[in-house]
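Reader: I'd like a close look at one part, the shell around the ligand. Which residues are around the ligand, and which elements supply them? Please take it slowly and then show how that part fits into the rest of the chain.

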Amino acid sequence: MELLLDNIRKSFGDKQVLKGIDYTFEKGKIYGLLGRNGAGKTSLFNCLSGEIGMDSGGAFLREKEVSSPLREADIGYVFSLPILPEFLTGYEFVKFYMDINRDKIEPGKSIEDYFDIIRIEQEDRHRLIKGYSHGMKNKIQMLCFIITRPPLILLDEPLTSFDVVVALEIKKLLREMKQDHIIIFSTHILQLAADLCDELVILNNGTLQEIPADTLHSPEFEERIITLLKDEGSND
Ligand SMILES: Nc1ncnc2c1ncn2[C@@H]1O[C@H](COP(=O)(O)OP(=O)(O)OP(=O)(O)O)[C@@H](O)[C@H]1O
């Protein structure tokens, strides 16, 4: 399975943020999306998820030479600022989410199993989401895609809110899941990108640019990325 981005363009007023995004992402890999503040990473994710409309271009999933337009149901999107019904308990929300997605759930997994996966303690499961920490809310958002397992998973700076222990668990989980999914996550933490990603792409002056694979584990990794990101700044 592949995700094909075809000449995606998006402007806000006079500001052209995405200037023709062309890229092919493959199943089985974790992609790190890098870019400076305001480069358009969230805008790209929002265009893909349908949160905002693209001005032109398109996104398609291709399976065995057959392409179909990307649909909302194909995407699990974890926002950097989690959006959840705060008036429900974690348990109530997850139960509701499982009920409405009954047809997509792996047989044999209970609600408690899912909470165990993301390590939310028993006593916290029945507390209102309103009182959850940022990291716990992110975990609940992640649980949504663990439950429904959509082909495309978009993570907008997700791991920054987790403590080191949870971050390690989530990294492990993403690595386990990657064989069946296309995972793209945006981050400003270069070490995390180098550690977790199979490929890196930079959103540079409104277009996506692949970073050569040999850069990822080279001793000059950080230096080379920073040079590329600075180049972007000079294009503004
Ligand atoms: N709804 C909107 N209306 C007007 N301008 C917007 C809107 N959304 C984003 N922008 C602008 O588009 C540009 C890209 O923003 P975006 O949030 O996509 O960048 P980003 O790469 O995710 O940044 P960061 O790393 O700081 O989160 C910015 O100049 C931002 O102000």
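Author: Let's fix the residue classes: Ala, Val, Leu, Ile, Met, Phe, Trp, Tyr, Cys and Pro count as nonpolar, Asp, Glu, Lys and Arg as charged, and the others, Gly among them, as polar. A word on what you're looking at: this is a predicted model, where local features need pLDDT of at least 70, side-chain atom pairs count only at pLDDT 80 or more, and totals for chains, interfaces and linings use all residues. Numbering starts from 1 along each chain as its sequence is written.

Now the shell. A residue belongs there if its C-beta atom, placed from the backbone, lies within 6 Å of the ligand. That gives Phe 12, Lys 15, Val 17, Gly 35, Asn 37, Gly 38, Ala 39, Gly 40, Lys 41, Thr 42 and Ser 43. By class, they split into three nonpolar, six polar and two charged.

As for elements, helices (H or I, at least four residues) and strands (E, at least two) are DSSP runs, numbered from the N terminus. Strand E2 (15-26) and helix H1 (41-49) each bring at least two residues to the shell, and H1 has the largest share, with three.

Follow H1 away from the ligand and you get to a sheet. H1 lies across strand E3 (30-34), E6, E7, E8 and strand E9 (199-204), at about 150 degrees to E7. Contact here takes C-beta atoms, placed from the backbone, within 7 Å; axes are lines fitted to C-alpha atoms, for helices over the stretch in contact, with angles from 0 to 180 degrees between N-to-C directions. Helix H5 (residues 134-148) lies across E6 and E7 too, at about 170 degrees to E6.

The sheet itself is open and mixed, with six strands in the order E6-E7-E8-E3-E9-E10; strands pair if DSSP finds at least two bridges between them. Strand E6 (75-78) and strand E10 (207-210) are the edges, pairing on one side only, and the twist averages 20 degrees from one strand to the next. Inside it, E7 (residues 152-156) and E8 (residues 182-186) run parallel over five bridges, with Asp 156 opposite Ser 186 in E8.

Zooming out, the chain has nine helices and ten strands. Its radius of gyration, taken over C-alpha atoms, is 18 Å, close to the 18 Å that the globule rule (2.2 Å times the number of residues to the power 0.38) gives for 236 residues, so the chain is as compact as a globular protein of that length.

How values were computed: Contact = placed C-beta atoms within 7 Å.
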